[in-house]
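Me: I am new to reading protein models and would like a close look at one part of this one, with the rest used as its setting. Please explain each term as you come to it.

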Amino acid sequence: MDWWKSIKVSVIIVGTIIGAGFASGREIWEFFGSYGEESQWGIALSMALCFICIGNILTVSWQYQTQHYSEWFAQILGKRIRKLFDGLVLLYLLTTTVVMFAGSGATFAQWDRSFFEGVILMIVAVLLVLFFDLKGLVALNLLVIPLLLTGILTVCVSFLLFSQPIVQVESTNTITLPIWPSAITYTAFNAISLVAVLSTLGKQLENRFQIWLSSGMSVVSLTAIIFVYNRALLKVKHLMTQYDIPLFALIKDYSPLFTFLITALLWFAIYTTIAGNVHGLVFRISAQSSLPRWLVGLIILMILAPFSQFGFSTLVQLLYPLYGILNLFLLAVILLSPIMK
């Protein structure tokens, strides 16, 4: 059953990376598409680094049977640096959970519903997953991620195949920046969430074959969807300033029903991300508490939800670039973890 276990873990990995920013196309455009045709090489570099990172994180988690990210850091770093990263991961999970709450509220606002309804529904949905602990997270990702990938790929492939060619006048004064710093930063941006979630999965794996198979399947899936998504966005790059959510530039001529279905998929992308974040938080905090995990999760959700009122776009613009830079050292730690012990 090596394949089935690896498939389940790889689906969790993909669900961890594909959040609201990814599904909306905003992350892909900012980190890759905005660099033009050279972006394909950036995707290749970033995914190669992701493959190594995922494999190394799972290897440490499997070797030492870690239950949360603090235990993972304890096997690699000294006490002082471990405490620093422990606090950084905790802060990241807390703040990005707030961002996802805001994203849920903004999605409901897109449906002409109230922002508050979106936040409340997300709280209830995450609690349902927490009642089943890790099995709930696995089941959620096995259900949602294939649908999400299918929806996004359907939009991107149909747009590439059937959209009319767009004639654009290229500016001769355009300054092209190198893609590799952005590719590395994108991998670093995802490093914390990967450690937070994958550090809890060591007991789900039995050998190194399952570890690297899970890493390979997840990276192949991510590479395919990022490449196709990026190619589609490059065809509408003249519209990027008009859409906060680039995905809507690809479906602007579709029916309201289809647009609603895609918006629903965006909400589920937010759902998988916040479920993974809260899963990592609950496992970390409940290790020092006698309370049941679902109750710890409820307390966390009730404390964080009010902060979502700052708004989705404001929170993304403030926090995402900051964490991309702060995570560069964490990325180096993960890549060097086989020799740091």
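Which residues form one aromatic cluster?

Reply: The residues F31, F32, Y186 and F189 form one aromatic cluster. Here rings of Phe, Tyr and Trp (its six-membered ring) count as a pair if their centres lie within 6.5 Å, and the planes are called stacked under 30 degrees apart, edge-to-face over 60 and tilted for the rest. Please keep in mind that this is a predicted model, in which local features need pLDDT of at least 70 and side-chain atom pairs count only at pLDDT 80 or more, while totals for chains, interfaces and linings use all residues. Residues are numbered from 1 along each chain as its sequence is written, and side-chain values use heavy atoms, with hydrogens and water left out.

A search of the whole structure finds 8 aromatic pairs. One of them joins W267 and F268, an edge-to-face pair with 5.2 Å from centre to centre and 85 degrees between the planes. F268 also pairs with Y271, and this pair is tilted, with 6.4 Å centre to centre and 45 degrees between the planes. F268 and Y271 both lie in helix α12 (residues 256–286), where they are 3 residues apart, about one turn of the helix. An α-helix has 3.6 residues a turn, so residues three or four places apart point the same way. Helices (H or I, at least four residues) and strands (E, at least two) are DSSP runs, numbered from the N terminus.

These rings do not share one level of exposure: W267 is buried at a relative accessible area of 7% and Y271 is buried at 8%, whereas F268 is partly exposed at 34%. Buried means under 20% relative accessible area, exposed over 50% and partly exposed in between (1.4 Å probe, protein chains only). α12 itself is mostly covered, with 23 of its 31 residues buried. From its first C-alpha to its last, α12 reaches 44 Å, close to the 45 Å expected at 1.5 Å a residue, where the expected span is 1.5 Å times one less than the number of residues.

Helix α13 (residues 293–304) has 12 residues and reaches 17 Å from its first C-alpha to its last, close to the expected 16 Å. Its buried residues are V296, G297, I300, L301 and L304. Because these cover an arc of only 130 degrees around the axis (taken from the directions from the axis to the C-beta atoms), they sit on the same side of α13.

For the wider setting, the protein has 16 helices and 0 strands, and buried residues make up 54% of its 341 residues. Its largest nonpolar core (buried Ala, Val, Leu, Ile, Met, Phe, Trp, Tyr and Cys residues joined through side-chain atoms within 4.5 Å) holds 107 residues, and L58, F73, F101, I226 and L250 touch the most other members. Leaving aside neighbours within four places in sequence, L250 is in contact (heavy atoms within 4.5 Å) with V155, C156, F159, Y229, A232, L233 and V236. Among contacts between residues at least 6 apart in sequence, 82% join residues at least 24 apart.

Another aromatic residue, W72, is found in helix α5 and counts as buried at 0% relative accessibility. Apart from neighbours within four places in sequence, W72 is in contact with N56, I57, V60, S61, T66, V195, S199 and I334. The C-alpha atoms of W72 and G202 are separated by 10.0 Å, although these residues are 130 apart along the chain.

T66, one of the residues that W72 contacts, lies in the loop between α4 and α5 and is buried at 2% relative accessibility. Its side chain makes a polar contact of 3.1 Å with the side chain of S61; a polar contact is a pair of N or O atoms within 3.5 Å, where within protein one must be able to donate a hydrogen and the other to accept it, and residues adjacent in sequence count only if both atoms are side-chain atoms. In the loop between α4 (39–64) and α5 (69–74) there is also Q65, which is partly exposed at 33%. Phi of Q65 is near 50 degrees, a positive value in a residue other than glycine. Most residues other than glycine have a negative phi.

Finally, L201 is placed in the loop between α9 (180–198) and α10 (208–235) and is buried at 1%. The C-alpha atoms of L201 and Q67 are separated by 7.5 Å, with their positions 134 residues apart along the chain counted as their separation.
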